[in-house]
Amino acid sequence: MRQVLVTLCLLHLAACRVVDLDFLKTAETEDPPGPYLITSNPHSYVCDAQTVARATTRYLACLQPDPETNGTLACLPGLTISCFVYASFGSVSGSCLELQQGKSCGTCDTCVWQDRCSYSTGGFFNNAVDCWGEGCVGGNSTTPACAAYFPEAWGEACIGKGNCFIGYVGGWSDVSEKKWVKQDGSEKIPFSETGESECPSLPWDGKLKVLAFVLEA
């Protein structure tokens, strides 16, 4: 039976590890091909798509600090961050509510691989990961849209821990002013240094969203 998280605290978990860098090509499965993580995030903290395929709600968690610009992924007792599925600022689809409600492709507000990209065959995870992703350029390609990614060293430092602060500072409408920031403010890294190098720009009205995978400690 699908386990449903019943409080906001239960949603503040985390997690995952490495997506194939060749635009969403993951280890082959028999039928259908895929699944696909819709991101160009090259960092080592990103989950392999097969790791999160068909994961139960208990092991998928999210952080969506809107309208705030920061938050803490806090694992339940006995769980720790394994890897991050998504840890991005941009036009990221997906919501904590969809995770809480146990949605998947067919019930998601947006089944990203199908509705925002041009994949012709299944990218199904058969869980809430179907609802998440950065979309594709123009909605008619398999090239992920622009995003800024949580800095690699900071994400790696969260692996194996029970919580992880993720946040940024900067102007509302001017993306060039936005910077990832550590919780104590001691270090800041511009978004421009953490995104896909070929991206022309980030959406000024983008959101910070984190989808993660946790394991028993």
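Me: Which residues touch the most other members of the largest nonpolar core?

Reply: Happy to start there, and please keep in mind that this is a predicted model. The largest nonpolar core holds 60 residues. Strand 3, residues 79-90, gives the most to this core, with eight residues. The members that touch the most others are I38, F84, F150, I166 and W180.

Me: Let's stay with one of those. Which residues is I166 in contact with, leaving aside its neighbours within four places in sequence?

Reply: I166 is one of the core residues that touch the most other members. F84, F150 and W180 belong to that group too, and they turn up again among the contacts of I166. The full set is L63, T69, N70, G71, L73, F84, F150, W180, L208 and V210.

Me: How is the chain built, from the N terminus on?

Reply: The protein chain has five helices and eight strands. Of its 217 residues, 52% are buried. Among contacts with a separation of 6 or more, 74% are between residues 24 or more positions apart. Read from the N terminus, the order of elements is α-α-β-β-β-α-α-β-α-β-β-β-β.

Me: Is there empty space inside, and what lies around it? Which residues line the largest cavity?

Reply: Rolling a probe the size of a water molecule over the atoms shows where empty space is left. Here the structure holds one cavity of 30 Å³ or more, and the largest cavity has about 40 Å³ of space. Its lining divides into eight nonpolar residues, one polar and one charged. The residues are Y36, I38, Y86, V112, W113, G123, F125, V129, D130 and W132.

Me: On to the cysteines. How many residues apart in sequence are the parts tied together by C47 and C83?

Reply: A search of the whole structure finds six disulfides, and one of them joins C47 and C83, with sulfur atoms 2.0 Å apart. Both cysteines are buried, and their link is right-handed, with 100° about the S-S bond. C47 sits in the loop between helix 1 and helix 2, while C83 is in strand 3, so the pair ties together parts whose separation in sequence is 36 residues.

Me: Why is the disulfide of C105 and C111 left-handed?

Reply: C105 and C111 are joined with an S to S distance of 2.1 Å, and both are buried. The handedness follows from the torsion about the S-S bond, so the disulfide is left-handed because that angle is about -110°.

Me: And C108 with C131: how many residues apart in sequence are the parts they tie together?

Reply: The sulfur atoms of C108 and C131 are 2.0 Å apart, and the link is left-handed, with -75° about the S-S bond. C108 lies in the loop between helix 3 and helix 4, and C131 in the loop between helix 4 and strand 4, so the pair ties together parts of the chain. C108 counts as buried at 11% relative accessibility, and C131 is buried at 1%. The separation in sequence is 23 residues.

Me: What about C75: which cysteine has the sulfur nearest to it?

Reply: C75 counts as buried, at 14% relative accessibility. A disulfide needs sulfur atoms within 2.5 Å. For C75 the nearest cysteine sulfur is 9.2 Å away, and C75 is in no disulfide; that sulfur belongs to C164.

Me: Now E98. How far apart in space are E98 and A128, C-alpha to C-alpha?

Reply: E98 is in helix 3 and is buried, with a relative accessible area of 4%. Leaving aside neighbours within four places in sequence, E98 is in contact with K103, C108, D109, T110, A128 and C131. E98 and A128 are 30 residues apart in sequence, and in space their C-alpha atoms are separated by 6.5 Å.

Me: Any backbone geometry to check? Which residues does a cis peptide bond join?

Reply: Most residues other than glycine have a negative phi, and most peptide bonds are trans. One bond here has omega of about 15° and is cis. Its proline lies in the loop between strand 1 and strand 2. The residues joined are D66 and P67.

Me: And what is the phi of N126 near?

Reply: N126 is in the loop between helix 4 and strand 4. With a relative accessible area of 39%, N126 is partly exposed. Its phi is positive, in a residue other than glycine, and is near 65°.

Conventions: Residues numbered from 1 in each chain as written. Predicted model: local features only at pLDDT ≥ 70, side-chain atom pairs only at ≥ 80, totals over all residues. Heavy atoms only, no water. Core = buried A, V, L, I, M, F, W, Y, C linked by side-chain atoms within 4.5 Å. Buried < 20%, exposed > 50% of the residue type's maximum accessible area, 1.4 Å probe, protein only. Helix = DSSP H or I, 4+ residues; strand = E, 2+ residues; numbered from the N terminus. Contact = heavy atoms within 4.5 Å. 1 Å grid on protein atoms, 1.4 Å probe; cavity = no way out; pocket = protein on both sides within 12 Å on 5 of 7 lines; lining within 4 Å. Points joined across faces, edges and corners; volume = space filled by probe spheres on them. Nonpolar A, V, L, I, M, F, W, Y, C, P; charged D, E, K, R; others polar.
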